[in-house]
Structures are given as C-alpha cells and as structure tokens.
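Trainee: Before we begin, I should like to ask how the terms used for this structure are justified.
Mentor: Certainly; let us take them one at a time.

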Amino acid sequence: MLRSPLPCHQAMMNPLKAKFERYVALEQAEHDLLDHLVRTDARVVPAGSDLIREGEGIHFVKLVLDGWGCRYKLLEDGRRQIVAFLLPGDLCNPDALAVGEMDHSIGAINELHCALIQPELFDQACIESHRLRQAMAYDAGAMLGMQREWTLNLAARPAFGRIAHMLCELHYRLAAIGLAVDGSFFAPITQITLAEATGLTPVHVNRVVQDLRGRGC
C-alpha cells in the first residue's frame, strides 16, 4: 500500500458531498467541513491488495475517493466471500471511534484511492453540523437496507435475480454520484468477482451473464 499527501485536484473532488446531498441540502458550512476532512493524507491501494485486514486496529476513518473496493471475509478453505462493494463517496469504517479492530477485510478491486481522516476530526464535524449527522444517519440506514438485500440475495433469490439485483444496485449507487449515465457505468468487476459476491460459481455466473445479454438486459 502506498501512502502520500492528497493531491490538490483530488482534494477538490469530494464524492462524499455528492452522496450526502442526496439526503440533505448542505449549506456552505457543511461543504467547508467535508472539504476540510479530505484535505489530509491519502492511501493508494493497488488492485488486488488490501486496504486493511481483519483483526487489524482501526486508526483512521477511510473515505473512498476513487476506485472500487469490497468488504470481504475469508473462509477456512481460503475462499473469499464479498459482503459489500465500496464505491466513491463510501466511508469504509465510519464507526472508527467505537470499534477497536476490523471484523472483516477491505480489498481493492481496481486501484483504490482513500482519504485517511482522523476519527476525532470526523466526529467533531458531525457534532458541529446537524445536517451532517442527518446525512450520516440516512447513509447508515441505506447501507443497512442494502445489506439486508444482500442477505436476501444469498438466502432466497435465484441466480438470475442475484446478479440482476446486484447490477441494478450498482447502477443506482453510481448514478447518485454522477458515475452512471443513460443506464451504463464503468465496472471493474470480473465474473469471478460477481461469483464471490453472489455465492455462485464463476461457471454459473457466466451462464447468467449470457442469459442477461440474450434477453437484452
């Protein structure tokens, strides 16, 4: 993992503002607070590497600025189960002050750029602004709702529904921050990645993807 000062042009591009403005109308004070939070150190994680591993201590609130990440757990036989995708504007661990160590790992799907925010600074920003507290609460509710859908995916939906739902979720989340246009978006995920996220084999995923294409979906 590479760590470097955040370039000026990246500090100007703050996907957290775009995300939070979907929930509440931010005023200039909130814009300034959020911009201040990302004017800090950044970490660049190469594709296929880990931002943080299960069991490691938490020292920063990590905000995805660019690239795709994933939350995952490793099974005893070495298989990986992806439990969530992390996109620009997502906070990897907003509960850094309350949790001492990670109970899962976060990996980079493609090159992942994250801002490293001191937990105390992040907490203070939320204390200073009720709008940021509101946005955080809405975002936490949305994340929990998506996690319930992922549970339903693995427990009850057929393979076609699992992959179709996941693609629709990704489109909706990317469209909310301006990264999906006219029903299309860039996705650095392979069929193996989809298999790890849906509890299917890569062969089964391939069949479903071909079926989706055949239906014009």
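**Terms and their grounds**

Trainee: With which residues is Q147 in contact, leaving aside its neighbours within four places in sequence?
Mentor: In this predicted model, those residues are V83 and A84. Q147 itself lies in helix 5, residues 130-155.

Trainee: Why is Q147 called partly exposed?
Mentor: Its relative accessible area is 33%. Buried requires under 20% and exposed over 50%, so a value of 33% makes Q147 partly exposed.

Trainee: What makes helix 7 mostly covered?
Mentor: Of the 8 residues in helix 7 (191-198), 6 are buried. They are T193, L194, A195, E196, A197 and T198. Each is called buried because its relative accessible area is under 20%. The elements that cover them include strand 6 (80-86), helix 5, helix 6 (159-176) and helix 8 (202-214).

Trainee: What is found at the start of helix 7?
Mentor: There, a side-chain oxygen of T190 comes to within 3.3 Å of the backbone nitrogen of I192. The cut-off for a polar contact is 3.5 Å between N or O atoms, and therefore this pair satisfies the distance criterion. Just after helix 7, G199 has a positive phi of about 70°.

Trainee: Which residues touch the most other members of the largest nonpolar core?
Mentor: Among its 33 residues, these are F20, L34, L63, L91, I106, F122 and L132. A second, separate core has 23 residues, including L174, I189, A197 and V209.

Methods. Residues numbered from 1 in each chain as written. Predicted model: local features only at pLDDT ≥ 70, side-chain atom pairs only at ≥ 80, totals over all residues. Heavy atoms only, no water. Helix = DSSP H or I, 4+ residues; strand = E, 2+ residues; numbered from the N terminus. Buried < 20%, exposed > 50% of the residue type's maximum accessible area, 1.4 Å probe, protein only. Contact = heavy atoms within 4.5 Å. Core = buried A, V, L, I, M, F, W, Y, C linked by side-chain atoms within 4.5 Å. Polar contact = N/O pair within 3.5 Å; in protein donor to acceptor, adjacent residues only side chain to side chain.
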